[in-house]
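Please open the model in your viewer and keep the selection panel at hand. The tour below suggests what to select at each stop and says what is found there.

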Amino acid sequence: MRSTILPPLGSPFQTPLSQECREDRAETPTMCEEATDIVKYGNPFTMDRLFVGLDPAWGGIDAIEFTEHMPVSFVSKLITARGERPKMDCFKRTSHRHLVNLKEVFVTEESLILFYDKWEGISLREIQDLRPAFQLGEVEVATVCFQMLQALQYIHGTLGINHGALCEEDIYIHDSGDIKIAGIGESMARESSPQEKSKDIQSILKIARQLLGLQGISGGTGTMGLLAHDFTAAPSNTAIDQLLQETVHFNAGLKNTLIG
């Protein structure tokens with residue numbers, strides 16, 4: 001079955017983004033279930049399950065699974081060569097507020113079929129495409145960075161991998177206001193190394209500069225420009241915990257500047 005109907009894109013700001021920027025992060029879960037029943041063999045499209053295919057694909061999603069007329073999963077197909085197929089124990093079901101969580105993996109002869117939680121939102125790339133008519137403010141960018149770093153802390157620490165492909169196209173602002181990073185299943189399928197984790201950090205800092213409209217090595221002008229430069233120019237070997245603290249301070253400094 002084929003359809004070009006896409007899931008609706010919700011407003012990115014139905015709740016204030018800045019509410020998440022605080023030092024207390026206990027509300028963000030950092031747990032991961034063991035990979036026991038997540039990996040299955042066979043083609044799910046031939047099973048007694050209802051799918052609507054997307055042609056062309058939307059944001060890397062090839063199909064949507066429905067149950068009782070409600071979307072329950074987004075499905076991505078990853079083509080693999082038999083000799084290059086990753087070990088199946090690399091896949092784990094994820095549970096994090098700021099990830100598009102991986103639910104199931106089906107293995108066929110030529111592909112891996114990844115099932116994700118459904119989401120509604122707009123990507124950071126789509127937001128960037130709206131410039132200059134619309135763009136995120138500095139406080140909102142600080143909050144986006146804070147939530148991306150929370151997800152990265154879970155990816156590096158709990159999952160023990162690096163994302164490896166953080167880009168604006170795969171980072172969404174959910175209709176609840178939460179950031180959601182997509183593609184974690186594809187990340188598990190790639191080989192990870194500790195050295196590559198610093199690339200994830202650099203990717204987040206690069207995205208922050210793009211969202212703030214900063215060019216080259218310049219941090220902009222005025223107090224806000226200096227605050228933005230201090231945060232986005234952090235070395236790639238900076239610990240995520242330290243960057244989270246700096247994001248809180250960055251956000252607090254911006255608010256003080258705006259009030260002043």
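The stops that follow go from the nonpolar core to an aromatic cluster and then to a pocket, all in a predicted model.

Begin with the largest nonpolar core, which has 59 residues, and select Phe 91, Leu 102, Met 148 and Ile 184, the members that touch the most other members. Next, add helix H2, residues 138-157, which gives the most to this core, with 10 residues. If you then colour domain 1 (39-116) and domain 2 (122-258) separately, you can follow how both give residues to this core, so that it lies between them.

For the second stop, turn to the aromatic rings, of which the structure holds eight pairs. Select Phe 106 and Phe 115, whose rings form a tilted pair with 5.4 Å centre to centre and 50° between the planes; both of these residues are buried. Extending the selection to Phe 45 and Phe 51 completes the picture, since Phe 45, Phe 51, Phe 106 and Phe 115 form one aromatic cluster.

The last stop is the second largest pocket, which has a volume of about 160 Å³. To find its centre, select Gly 59, Asp 170, Ala 182, Gly 183 and Glu 186, the closest to that centre of the 15 residues that line the pocket. Colouring the lining by class would show six nonpolar, six polar and three charged residues. With the domain colours switched back on, the lining of this pocket can be seen to draw at least three residues from each of domain 1 (39-116) and domain 2 (122-258).

Terms used:
Residues are numbered from 1 along each chain as its sequence is written. This is a predicted model: local features need pLDDT of at least 70, side-chain atom pairs count only at pLDDT 80 or more; totals for chains, interfaces and linings use all residues. Side-chain values use heavy atoms; hydrogens and water are left out. On a 1 Å grid over the protein atoms alone, a cavity is a set of points where a 1.4 Å probe fits but cannot get out, and a pocket is an open set with protein on both sides within 12 Å along at least five of seven lines; lining residues have an atom within 4 Å of a point. Grid points are joined across faces, edges and corners, and a volume is the space filled by probe spheres set on the points. Ala, Val, Leu, Ile, Met, Phe, Trp, Tyr, Cys and Pro count as nonpolar, Asp, Glu, Lys and Arg as charged, and the others, Gly among them, as polar. Domain bounds come from an automatic or database domain assignment. Rings of Phe, Tyr and Trp (its six-membered ring) pair if their centres lie within 6.5 Å; planes under 30 degrees apart count as stacked, over 60 as edge-to-face and the rest as tilted. Buried means under 20% relative accessible area, exposed over 50%, partly exposed in between (1.4 Å probe, protein chains only). A nonpolar core is a set of buried Ala, Val, Leu, Ile, Met, Phe, Trp, Tyr and Cys residues joined through side-chain atoms within 4.5 Å. Helices (H or I, at least four residues) and strands (E, at least two) are DSSP runs, numbered from the N terminus.
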